[in-house]
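Subject: Structure for your files

Hello,

Here is the structure I said I would pass on. My notes on helix packing and on two arginines follow it.

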Amino acid sequence: MSNPYNVLFLCTGNSARSILAESLINHWGRGRFTGWSAGSHPRGVVHPLALDVLRQNRLRTEGLRSKSWEEFTRPGAPPLNFVFTVCDRAVQEICPIWPGQPMTAHWGIEDPAAVEGSDEEKLRAFKKAFRELDGRIKIFTSLRIELLDRLSLQKQLDAIGRIDEAQLERLPALPRTE
């Protein structure tokens, strides 16, 4: 197999959505994709409910940490093939110039860490964000990237970002690996 595609998920705080996405791409990517996450203004800690939801879904949490996107602009950083923003604030910010001109798309997800209310309401928000990211990442990892030209691939990436939760629920279930 050739080198895996490197994928970076960006958010502002890098404590919830981008962390969920990092774990999901590393799971569903099955060695074909390697994922990371970062934030423009990282909180420095991963939200405990993000870790809880990942554990409930039997996904790895080891090594997950809140970090700055600057780590991925330095010499020695992995060459990026894809950069996805997963929150509305990150898409409006000025992003670094990524070496190698990776493909980019915005896959906005509501911030579960911003939900106020009962513990149950907060957990429900994290589970919703997880489901939306899970569905989008399953679709992304199923693409035959090597067969698509850059314009066709960009259209696919943008379309994935527009899929809402109701559309994801109508998709056939993909098998869960342990």
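H2 and H4 are oblique to each other: their axes make an angle of about 60° and lie 10 Å apart. That angle falls short of the range of 65 to 115 degrees that counts as roughly perpendicular, and it is not under 35, so the pair is classed as oblique. Please keep in mind that this is a predicted model. The crossing of H2 and H4 is right-handed. On the H2 side the contact involves Leu49, Ala50, Val53, Leu54 and Gln56, and on the H4 side Lys122, Leu123, Phe126, Lys127 and Phe130. By type, these residues are seven nonpolar, one polar and two charged.

H4 (residues 119–142) also packs against H1, at an angle of about 40° and with the axes 9 Å apart. H1 and H4 are therefore oblique as well, and their crossing is right-handed. H1 contributes Arg17, Leu20, Ala21, Leu24, Ile25 and Trp28 to this contact. From H4 come Phe126, Ala129, Phe130, Leu133, Asp134, Ile137, Lys138, Phe140 and Thr141. The residues of the H1 contact with H4 comprise eleven nonpolar, one polar and three charged. Phe126 and Phe130 of H4 appear in the contact with H1 and also in the contact with H2.

Now the two arginines. Arg17 belongs to helix H1, which spans residues 17–28. Is Arg17 buried or exposed? Its relative accessibility is 8%, and the limit for buried is under 20%, so Arg17 counts as buried. Leaving out residues up to four places away in sequence, Arg17 touches Cys11, Val86, Cys87, Ile109, Glu110, Asp111, Pro112 and Leu133. Of these, Leu133 is one of the H4 residues in the contact with H1.

Arg60 sits in the loop between helix H2 (48–56) and strand E3 (82–85). With a relative accessible area of 62%, Arg60 is over the 50% limit and is therefore exposed. Which residues does Arg60 contact, leaving aside its neighbours within four places in sequence? They are Ser23 and Leu54; Leu54 is also among the H2 residues that meet H4. The side chain of Arg60 makes a polar contact of 3.3 Å with the side chain of Glu62. The C-alpha atom of Arg60 is 8.0 Å from that of His27, although the two residues are 33 apart along the chain.

Regards

How values were computed: Residues numbered from 1 in each chain as written. Predicted model: local features only at pLDDT ≥ 70, side-chain atom pairs only at ≥ 80, totals over all residues. Heavy atoms only, no water. Helix = DSSP H or I, 4+ residues; strand = E, 2+ residues; numbered from the N terminus. Buried < 20%, exposed > 50% of the residue type's maximum accessible area, 1.4 Å probe, protein only. Contact = heavy atoms within 4.5 Å. Polar contact = N/O pair within 3.5 Å; in protein donor to acceptor, adjacent residues only side chain to side chain. Axes fitted to C-alpha atoms, helices over the stretch in contact; angles between N-to-C directions. Parallel < 35°, antiparallel > 145°, perpendicular 65-115°, else oblique. Left-handed = near helix turned anticlockwise from the far one by under 90°. Nonpolar A, V, L, I, M, F, W, Y, C, P; charged D, E, K, R; others polar.
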